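Please study the sequence and the three-dimensional structure shown here. Then work through the exercises in order, comparing each solution with what can be seen on the screen.

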Amino acid sequence: MKILVSALEHSANVHLTSLKKELGNDVEFVGIFDNALGKPIVDLRSLAIMGIVDALKKLRFFFKLADEMVELAKDVDKVLLIDSSGFNLPLAKKLKKRYPNKEIIYYILPQAWAWKKKRIPVLARTIDKLASILPFEPSYYPKDAPIEYVGHPLLDQITTFKTSLSDSIEHITFMPGSRKGEITRLMPLFSELRKSLHVKRASVIIPHYFSQDEIAKLYGNLDGFEIVHDAHKTLYEADFAFICSGTATLEAALIGTPFVLAYKAKPLDYFIGSRLVKLSHVGLANIMFQKYKHQEIHPEFLQDDVTVQNLLEAYKHYNREDFITNSQELRAYLQHGSSKRVAQIILDKGNKDA
């Protein structure tokens, strides 16, 4: 089987790697994905964007890339879209118009329930199989929509969880994000914060793909920090964390590491985004836990509220025992990983027990 894959983000390719193991060696990927999974048509590093302003600058490039994907689709059996709705939803419309009988599977769906509910009927019409990773998401779709909750992909990668916490905090880790803009905005604050924490070990999780020159430019003076690359291992070892918004916040919540979310976007991006997205929280764990238990699982600080004093106060008054209890409830809510079920959907193996 040959599948056209559109997986633009690093996190999408982590989940795609788990999925490929379930699909086996008889499935070939073509399209956009990490080069460790085959021969993509583009280097993923050229696709990295941060915010709405940056995206507008690269519009022409992405239009051309979408046209190339449509041409590739004529020789594949199925289409698999993962996350990245800004690119993948318009691509899905083009594909369905050109190849109305070509099956399109969307894994990690656009968060239309959060900000563009008018997209939901469009998704239901355009996509043949909708693989949701949020337990509450199918309830927003029409009853006859081809959607099901398949589990959460992080539970395919994360297999070690905390059930209790140490009495003292000796290791704090910092995750200032994976995009360059995020890092340069947060790292000076994290560096100053570290000096006030007085812990035996302070680590900073840095994506493995950054060169030494990039690290020096983005992170500044790292004296006092231990540089680490394995996020899941480090989060499990750490007693506490300060994390930029994104998938990492849900990773920490599932692992059971208490943390505070800190997020600073470009002012224009934040202004536009805050008016489009109608959510009480930005952290993925908080969004899910709010739907499930009607409460937040961790503190959040955004924009001008991201100060050393605010982060330090949140740390000092943190209820870690409540957090670990809520972490266990969140894992139970998500149930299991998703790659096995998505592989069954792609291979047409019928129901969940097949």
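The exercises below concern a predicted model, and each is followed by a worked solution.

**Exercise 1. The open sheet**

Determine the order of the strands in the open sheet of six strands, and state which strands lie at its edges.

Solution. Step 1: the strands follow the order E2-E1-E3-E4-E5-E6, and their pairing is parallel. Strands of a sheet pair through backbone hydrogen bonds, either parallel or antiparallel. Step 2: strand E2 (28-32) and strand E6 (147-149) are the edge strands, since each pairs on one side only. Step 3: on average, and with direction ignored, neighbouring strands of this sheet are turned by 20° against each other.

**Exercise 2. One pair of strands and a helix**

Describe how strand E1 (residues 2-7) pairs with strand E3 (residues 78-82), and identify the strands that helix H4 (residues 85-98) touches.

Solution. Step 1: E1 and E3 pair in the parallel sense over five bridges. Step 2: one of the residues to locate is Ala-7, whose bridge partner in E3 is Ile-82. Step 3: H4 packs on the sheet and touches E1, E2, E3 and strand E4 (103-107). The direction of H4 makes about 165° with that of E4.

**Exercise 3. A residue within a strand**

Is Val-79 buried or exposed, and which residues does Val-79 touch?

Solution. Step 1: Val-79 lies in strand E3. Step 2: the relative accessible area of Val-79 is 1%. Buried means under 20%, and Val-79 is therefore buried. Step 3: leaving aside residues up to four places away in sequence, Val-79 touches Ile-3, Leu-4, Leu-95, Lys-102, Glu-103, Ile-104 and Ile-105. Step 4: His-171 is 92 residues from Val-79 in sequence and 44 Å from Val-79 in space, C-alpha to C-alpha.

**Exercise 4. The nonpolar cores**

How many residues does the largest nonpolar core have, and which helix gives the largest share of this core?

Solution. Step 1: the largest nonpolar core has 89 residues. Among those with the most contacts inside it are Leu-16, Leu-80 and Tyr-107. Step 2: helix H8 gives the largest share, seven residues. Step 3: Val-79 belongs to a second, separate core of 34 residues, which also includes Leu-44, Phe-62 and Ala-145. In soluble globular proteins, nonpolar side chains tend to be buried together.

**Exercise 5. The buried side of a helix**

Why do the buried residues of helix H14 (residues 308-316) lie on the same side of H14?

Solution. Step 1: the buried residues are Val-308, Leu-311, Leu-312, Ala-314 and Tyr-315. Step 2: these residues cover an arc of only 160° around the axis, so they are on the same side of H14. Step 3: they pack against strand E7 (171-175), helix H8 (180-197), strand E10 (240-243), strand E11 (259-263) and strand E12 (300-302).

**Exercise 6. An aromatic pair**

Classify the aromatic pair formed by Tyr-209 and Phe-210.

Solution. Step 1: the centres of the two rings are 5.1 Å apart, and the angle between the planes is 65°. Step 2: planes over 60 degrees apart count as edge-to-face, and the pair of Tyr-209 and Phe-210 is accordingly edge-to-face. Step 3: Tyr-209 is partly exposed, at 35% relative accessibility, whereas Phe-210 is buried, at 8%. Step 4: a search of the whole structure finds 18 aromatic pairs.

Methods: Residues are numbered from 1 along each chain as its sequence is written. This is a predicted model: local features need pLDDT of at least 70, side-chain atom pairs count only at pLDDT 80 or more; totals for chains, interfaces and linings use all residues. Side-chain values use heavy atoms; hydrogens and water are left out. Buried means under 20% relative accessible area, exposed over 50%, partly exposed in between (1.4 Å probe, protein chains only). Helices (H or I, at least four residues) and strands (E, at least two) are DSSP runs, numbered from the N terminus. The arc is that of the directions from the helix axis to the C-beta atoms. Contact means heavy atoms within 4.5 Å. Two strands pair if DSSP finds at least two bridges between them. Axes are lines fitted to C-alpha atoms, for helices over the stretch in contact, and angles run from 0 to 180 degrees between N-to-C directions. A nonpolar core is a set of buried Ala, Val, Leu, Ile, Met, Phe, Trp, Tyr and Cys residues joined through side-chain atoms within 4.5 Å. Rings of Phe, Tyr and Trp (its six-membered ring) pair if their centres lie within 6.5 Å; planes under 30 degrees apart count as stacked, over 60 as edge-to-face and the rest as tilted.
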